[in-house]
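Reader: I'd like a close look at a single part of this model, the kind of spot where I'd want to check the backbone before doing anything else. Could you start there and then work outward to the rest of the chain?

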Amino acid sequence: MTRDFIEFYDLATRIVSYDMPRERDCETLINFFEDTYDENSSKSSGLKYFNKTRQKICATTTLNFGEDWKVNEIVYSFVNIAIKFYTKKYDYLESVNKSSQWRLCPTYNLQRYDGKKEGFFSLHNETSGIHPYRMLAWMIYLNDAQCGTEFPYQERTVTPKAGRT
């Protein structure tokens with residue numbers, strides 16, 4: 001069996017302790033996005049902006065853990081708990097983490113995809129000029145959907161479910 005290292009955790013419905021994220025946290029993140037999203041100042045402005053290349057069509061807001069956003073604590077709780085599960089399974093990461101060789105990137109995106117015409121339509125990777133040595137990529141699905149995140153080389157698709165991280 002080939003390992004692809006793609007993992008997901010249904011955190012909003014998995015009650016392990018009181019500090020676990022809940023489904024209501026997904027709703028809080030969605031409401032925050034809807035209340036603060038500004039199409040004119042967003043990195044992506046939905047269909048009319050990205051329809052030129054058909055690569056990424058969505059609404060995006062970029063946030064930073066170092067800034068005082070009320071949703072940072074919720075997002076961090078999802079990611080931190082998923083990292084604990086992941087590093088328990090792949091224990092090599094525990095030894096790397098103890099030597100401070102990796103940490104959570106301070107910036108992250110909240111993205112909204114509406115309907116079948118929106119999505120990320122091209123293959124890509126999760127490295128960037130700012131953070132070229134990224135070891136892990138993460139996402140949190142805030143709602144259930146029939147579409148999915150496709151990993152063509154691993155021949156896997158992850159179906160969105162509220163709280164899945």
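Author: Start with E155, which sits in the loop between strand 5 (149-151) and strand 6 (156-158). Helices (H or I, at least four residues) and strands (E, at least two) are DSSP runs here, numbered from the N terminus. Before you read too much into any of this, keep in mind that the model is predicted: local features need pLDDT of at least 70, side-chain atom pairs count only at pLDDT 80 or more, and totals for chains, interfaces and linings use all residues. As for bookkeeping, residues are numbered from 1 along each chain as its sequence is written, and side-chain values use heavy atoms, with hydrogens and water left out.

What makes E155 worth a look is its backbone: phi is near 55°, a positive value in a residue other than glycine. For background, most residues other than glycine have a negative phi. With a relative accessible area of 73%, E155 is exposed (exposed means over 50%, buried under 20%, partly exposed in between, using a 1.4 Å probe and protein chains only).

Now hop to the other end of the chain. F5, in the segment before helix 1, also has a positive phi, about 65°, although it is not a glycine. Its relative accessible area is 45%, so F5 counts as partly exposed.

That N-terminal segment also holds R3. R3 is exposed, at 53% relative accessible area, and its C-alpha lies 9.0 Å from that of Q154 even though 151 residues separate R3 and Q154 along the chain. Y9 belongs to the segment before helix 1 too, but Y9 is buried, with a relative accessible area of 10%. Its long-range partner is I140: the two are 131 residues apart in sequence, while their C-alpha atoms are 9.5 Å apart in space.

Zooming out a bit, the chain has 4 helices and 6 strands. Read from the N terminus on, the order is α-α-β-β-α-α-β-β-β-β. Of the 165 residues, 34% count as buried. The sequence-distant pairs you just saw go with a chain-wide number: among contacts (heavy atoms within 4.5 Å) between residues at least 6 apart in sequence, 65% join residues at least 24 apart.

Next, the inside. The largest nonpolar core has 24 residues, where such a core is a set of buried Ala, Val, Leu, Ile, Met, Phe, Trp, Tyr and Cys residues joined through side-chain atoms within 4.5 Å. L29 and F78 have the most contacts inside this core. At least two residues each come from helix 1 (23-36), strand 2 (59-64), helix 3 (72-89) and strand 3 (107-112). Helix 3 gives the most, with 7 residues. The usual background applies: in soluble globular proteins, nonpolar side chains tend to be buried together.

L29 and F78 turn up again where helix 1 meets helix 3: D25, C26, T28 and L29 on the helix 1 side meet I74, V75 and F78 on the helix 3 side. Geometrically, helix 1 and helix 3 pack at an angle of about 135°, with their axes 10 Å apart. Those axes are lines fitted to C-alpha atoms over the stretch in contact, and angles run from 0 to 180 degrees between N-to-C directions. Helix 1 and helix 3 are therefore oblique to each other (under 35 degrees is roughly parallel, over 145 roughly antiparallel, 65 to 115 roughly perpendicular, and the rest oblique).

Finally, strand 2 and what follows strand 2. T61 is in strand 2 and counts as buried, at 15% relative accessibility. From T61 to Q111 the C-alpha separation is 6.5 Å, across 50 residues of chain. G66, in contrast, is found in the loop between strand 2 and helix 3. G66 has 70% relative accessibility, so it counts as exposed. G66 and P106 are 40 residues apart in sequence, yet their C-alpha atoms are 6.5 Å apart in space.

So, for your backbone check, the two spots to pull up are E155, with phi near 55°, and F5, with phi of about 65°.
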